[in-house]
Amino acid sequence: EGWAYTPGARVNLRLRFRSQKHYDRVKAEFHNPSGRVIKLEGVSHPREESGAAHTEVVLTGNVPESAALGTYECRSVQGLTGDRTWAPIFEDPAFNIRVVERPFHAQRGGEFLGLEPA
């Protein structure tokens, strides 16, 4: 799964995942092969859906104006726990951001676990 943005664009991605834990904030880092990084962060909102606890967060940030074109893979998604420590939420996040010259319509996120445009 991936979403495309142009350099300098504002990113708003909705992340939904099943969770028994509550995270005050969530942050994600996307890396490209040359070492460039796009960082997103947001405040989480616990929700109850179909009797199952899950967390929803809108991750926001900007693609740097100087961002290289190409694919940025998500390397980490961490949540800030009640004891003020950052803990990994996913072992192997399977989403990415593409930086392109011209924007095009993005795909929707996965069925439950995943990102979608906010």
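Two residues are in contact when heavy atoms of each lie within 4.5 Å. With this definition, the surroundings of Y72 can be described in the present structure, which is a predicted model.

Y72 is placed in strand β6, residues 70–80. Leaving aside residues up to four places away in sequence, Y72 touches F30, H31, N32, R36, V37, I38, A67, N96, I97 and V99. One of these contacts, F30, is 42 residues from Y72 in sequence, yet the two C-alpha atoms are 5.1 Å apart in space. The relative accessible area of Y72 is 0%, so this residue counts as buried. Its side chain also reaches a backbone atom: the oxygen of A68, at 2.9 Å.

The aromatic rings deserve attention next. The structure contains three aromatic pairs. In one of them, F17 and F90 meet edge-to-face, with 5.5 Å from centre to centre and 80° between the planes. F17 belongs to strand β2 (residues 10–18), while F90 lies in the loop between β7 (86–88) and β8 (96–99); the pair therefore ties together parts that are 73 residues apart in sequence. F90 also forms an edge-to-face pair with F95, where the centres are 6.0 Å apart and the planes stand at 85°.

Both partners of this second pair are buried: F90 has a relative accessible area of 16%, and F95 has one of 8%. F17 is likewise buried. Through ring pairs, F17, Y23, F90 and F95 are linked into a cluster.

A further ring takes part in an arrangement with a charge. The charged end of K27 sits over the ring of W86, at 4.2 Å from the ring centre.

Methods. Residues numbered from 1 in each chain as written. Predicted model: local features only at pLDDT ≥ 70, side-chain atom pairs only at ≥ 80, totals over all residues. Heavy atoms only, no water. Phe/Tyr/Trp six-rings, centres within 6.5 Å; stacked < 30°, edge-to-face > 60°. Helix = DSSP H or I, 4+ residues; strand = E, 2+ residues; numbered from the N terminus. Buried < 20%, exposed > 50% of the residue type's maximum accessible area, 1.4 Å probe, protein only. Lys NZ or Arg CZ within 6 Å of the ring centre and 35° of its normal. Polar contact = N/O pair within 3.5 Å; in protein donor to acceptor, adjacent residues only side chain to side chain.
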